[in-house]
Amino acid sequence: MKNMVSAGVVLALAIGAAASFAVAASATSKPAYTLEPLAAGLEYPWALAFMPDGGFLISEKTGYLHRLDAQGTRVARSAAPLPGLLSAAQGGLLDLVLLPDFAESGQLLLSYACGELKASSTCLARAVYKNDRLEQIEQIFRAQPDRPAPAHFGGRIALLPDQTLVLTLGDGFDLREQAQNPANHLGKLVRLQWDGRVPQDNPFVGRAGYAPEIYSLGHRNVQGITWDAQQQRLLSHEHGPRGGDELNVIIAGANYGWPVATYGTDYTFARISPYTQFAGMQAPLHYWTPSIAPAGMTLYRGDEFPQWQGDIFIAALAAKRLHRLALKGEQIIEEELLLAERNQRLRDVRTGPDGAIYVLTDSANGELLRLRSPRSE
C-alpha cells in the first residue's frame, strides 16, 4: 500500500563545516512524496543497480545477487562466487555497478570483503552477469595490507567520465593511524581503470613511498560516493567514530585528516585528537555530531522532484532516516530528515532512470522502497 508522506521530520541541528543552521518543519500539509514498498525478503541488501529492462539488481551482504522485475517481483537469486569472498561482521558482498555497455556485454563491477577473519581486505572484481549468474569473474584489485579484524571495508564504487573508477576504502578500525601512511591503501580512496590498472595521471604515480592507486587519503570508513556531472566534482561521506561523520568534496591528492583532525570522539569517550581542523588537511563540507552512520548516497538529478534538483540524499543506519541536504555552491543550506516514520536502518539510496528515489533498508528482511511525487499518481 502506498503511503502519503508530508514534508518530513526535521530537526534543529548544530552541524555543518562552516556554520550552524536550523531546519524547520514544513508548515504545509501537502505531501512531498508517496512511499511505495516494492519488495521485501532481502537479506541485508547493500547496493542497488538499475537493469536496462526496468528491473533491479541488488547485492546482499550475505553473498547473493537478487534480480527483480520492474514491479519488484523476484526473478532470480544466485550466489556470487567471488574469489575469497568473506561474509562476516561488516564484511560480505558490497557494492555493484553496471558498466555503461552492460546491455550488450553484461559487464559489471563488484566490491566485497575478501580473505579470512584475521587477514581480510577489500577486493574489486569485474565479471559478466548472464542468465542470472556471474561468469568470467576476475579480481582486479585487492587493498593492501590485510587487516586483523573484519571491519571498515568501505566498498562504494563511483564511475568517472574518463573511464576510470574510484573505490572507497576503510582504515581497518584498529589501524586508524595507517590512514595517514601513503604507502598503503588503508583509509584511502583509490582510482583505477575499469580493468584494474593504475591511471598514469593519479596524483602520486611515480612518487617514492606512495601507493600509486591512491586518489585521496586520511579517511576513516567511506561508504558513500557520487559523481556530480553538472559541477564536475566527486562527493563522498564517511563514518566518524562517536560523532564526526563527514561529507566531503574530493580533490585529487588531498588529505582529509583522519585521525589527526576529527569532530568525533572515541567509543570510550576518549579524545582522539585535539584538532577538528589541521593545516594542509581538507575540512569537511558538512559533519554530523552525534553520528548518523551514513551509508549510500545519491545526488538528485531527475524530473520527478523538481524542487529537489541538485540535492544530496544520504541513507543513514544509526539515525534511521533519509537525509536530504540542499547544496548551494559548497555550503549546505538546509537539511531535512525523511522516512522517520519507518524507523528502519537505511543502507542505500539511488536516483532511478525514471526520476524516482529508491531506498534499501538494512535488515534480515530488507526492503526496496520507492519515493515518487504525488503528481505522478
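**A buried aromatic cluster and its surroundings**

At 0% relative accessibility, Phe 305 counts as buried (buried is under 20% relative accessible area, exposed over 50% and partly exposed in between, using a 1.4 Å probe and protein chains only). The model it sits in is a predicted one, where local features need a pLDDT of at least 70 and side-chain atom pairs count only at pLDDT 80 or more, while totals for chains, interfaces and linings use all residues. Numbering starts from 1 along each chain as its sequence is written, and side-chain values use heavy atoms, with hydrogens and water left out.

As for confidence, pLDDT (the predictor's own score for each residue, from 0 to 100) averages 92 over the protein, and 92% of the residues score at least 70. Over residues 6-29, though, the pLDDT is below 50, and this stretch still has 50 contacts in the model beyond near neighbours in sequence (a contact means heavy atoms within 4.5 Å). Where pLDDT is low, the predicted coordinates should not be read in detail.

On the overall fold, the protein has 27 strands and just 1 helix; both are DSSP runs numbered from the N terminus, with helices being H or I of at least four residues and strands E of at least two. The C-alpha trace spans about 60 × 50 × 40 Å along its principal axes. The radius of gyration is 20 Å, which agrees with the value near 21 Å for a compact globule of 377 residues; this radius is taken over C-alpha atoms, and the globule rule is 2.2 Å times the number of residues to the power 0.38. Buried residues make up 58% of the 377. Among contacts with a separation of 6 or more, 58% come from residues 24 or more positions apart.

Back to the rings. The whole structure yields 12 aromatic pairs, a pair being rings of Phe, Tyr or Trp (its six-membered ring) with centres within 6.5 Å, called stacked when the planes are under 30 degrees apart, edge-to-face over 60 and tilted for the rest. Phe 305 and Trp 308 have ring centres 4.6 Å apart and planes at 25 degrees, so they are stacked. Trp 308 is also buried, at 4% relative accessibility. Ring pairs tie both residues into a cluster with Tyr 33, Tyr 300 and Phe 313.

Charges turn up over rings as well (NZ of Lys or CZ of Arg within 6 Å of the ring centre and within 35 degrees of the ring normal). Arg 77 lies over the face of Tyr 64, 3.9 Å from the ring centre, and Lys 61 over that of Tyr 44, at 6.0 Å. Lys 61 is also touched by Ala 89, as is Pro 150, leaving aside residues up to four places away in sequence. Ala 89 itself is exposed, with a relative accessible area of 56%, in the loop between strand 8 (74-79) and strand 9 (93-98).

The count of disulfides (cysteine sulfur atoms within 2.5 Å) comes to 1. Its partners are Cys 114 and Cys 123, with sulfur atoms 2.1 Å apart, and both are buried. The torsion about their S-S bond is about 75 degrees, so the disulfide is right-handed.

A second loop, between strand 19 (245-250) and strand 20 (286-288), holds Ser 273, which is buried at 11% relative accessibility. Not counting residues up to four places away, Ser 273 touches Pro 259, Val 260, Ala 261 and Thr 262. Its C-alpha atom is 9.3 Å from that of Trp 258, 15 residues apart along the chain.
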